[in-house]
Amino acid sequence: MLVEVKGSFGAEGWYQGEYEGRQGVVLSVTDTSQNNFSSTALVKFLEPLDPAQPTLSVPVQHLWPVQPEKTEE
């Protein structure tokens, strides 16, 4: 699934907003099923900030699905 990082700025943000608007592919999801700990997804970014680290664990509340642009996608 192709996703985009949104809402990553501010006190409730992630990675200081540096990945805001970046897209990536979800490789796996860890569902904590707890209110105290956020569920996360392992995301491989299409254009990572650090090419040596293209895959990061991202809180799922900052991930939004990317709608396909064509019917074949």
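Which residue stands opposite S28 in β3? The residue opposite S28 is L42, in β3. I will come back to that pair, but let me begin with the whole sheet. Please keep in mind that this is a predicted model.

The sheet is open and has 5 strands. Reading across, the order is β4-β3-β2-β1-β5, and the pairing is antiparallel. As general background, strands of a sheet pair through backbone hydrogen bonds, and the pairing can be parallel or antiparallel. At the edges stand β4, residues 55–59, and β5, residues 63–65. Each of these has a single partner strand, so one side of β4 and one side of β5 are left without a neighbour in the sheet. On average, neighbouring strands are turned by 50° against each other, if we ignore direction.

Now I will walk across the sheet, starting at the β5 edge. Strand β1 covers residues 2–5 and is joined to β5 by 3 bridges, with the two running antiparallel. Two of the residue pairs are worth finding on the screen. E4 has W64 as its bridge partner in β5, and V5 stands opposite L63 in β5.

On its other side, β1 is joined to β2 by 3 bridges, again antiparallel. Here E4 turns up again: its bridge partner in β2 is Q23. So E4 has a partner in β5, W64, and a partner in β2, Q23. L2 stands opposite V25 in β2.

Next, the side chains of β1. In a regular strand, side chains alternate between the two faces of the sheet. In β1, V3 and V5 point to one face and are buried. L2 and E4 point to the other face and are not buried.

Moving on, β2 and β3 run antiparallel and are joined by 6 bridges. G24 has F45 as its bridge partner in β3. This is also where the opening pair belongs, S28 opposite L42.

Which side chains of β3 are buried? They are A41, V43 and F45, which point to one face. T40, L42 and K44 point to the other face and are not buried.

The last step takes us to the other edge. Strands β3 and β4 run antiparallel, with 5 bridges between them. One position to look for is K44, which stands opposite T55 in β4.

Let me stay with one residue of β2, namely L27. Strand β2 spans residues 23–30, and L27 lies within it. L27 and V43 are 16 residues apart in sequence, but their C-alpha atoms are 5.8 Å apart in space. Leaving out residues up to four places away in sequence, L27 touches L42, K44 and T55. L27 is also part of a nonpolar surface patch of about 330 Å², together with V25, L42 and L46.

Now the loops. I have four residues to show.

The loop between β1 and β2 contains S8. Is S8 buried or exposed? S8 counts as buried, because its relative accessible area is 1%, and the cut-off for buried is under 20%. Apart from neighbours within four places in sequence, S8 is in contact with G13, W14, Q16, G17, E20 and H62.

Q16, one of those contacts of S8, lies in the loop between β1 and β2 as well. Unlike S8, Q16 counts as exposed, because its relative accessibility is 69%. Its backbone deserves a look too. Most residues other than glycine have a negative phi. Q16 is not a glycine, yet its phi is positive, near 55°.

S33 is another such case, with a positive phi of about 55° although it is not a glycine. S33 sits in the loop between β2 and β3. With a relative accessible area of 64%, S33 is exposed.

The fourth residue is P48, in the loop between β3, residues 40–45, and β4. How many residues apart in sequence are P48 and R22? They are 26 residues apart, while in space the C-alpha to C-alpha distance is 7.9 Å. Not counting residues up to four places away in sequence, P48 touches Y19, R22, Q53 and P54.

To finish, go back to L42. L42 stands opposite S28, points to the face of β3 whose side chains are not buried, and belongs to the nonpolar patch with V25, L27 and L46.

Note on methods: Residues numbered from 1 in each chain as written. Predicted model: local features only at pLDDT ≥ 70, side-chain atom pairs only at ≥ 80, totals over all residues. Heavy atoms only, no water. Pairing = 2+ DSSP bridges. Helix = DSSP H or I, 4+ residues; strand = E, 2+ residues; numbered from the N terminus. Axes fitted to C-alpha atoms, helices over the stretch in contact; angles between N-to-C directions. Contact = heavy atoms within 4.5 Å. Patch = residues over 30% accessible without salt bridge, like charges linked within 9 Å, V, L, I, M, F, W, Y side chains within 5 Å. Areas by Shrake-Rupley, 256 points an atom, 1.4 Å probe, with all protein chains shown as cover. Salt bridge = Lys/Arg side-chain N within 4 Å of Asp/Glu carboxyl O. Buried < 20%, exposed > 50% of the residue type's maximum accessible area, 1.4 Å probe, protein only.
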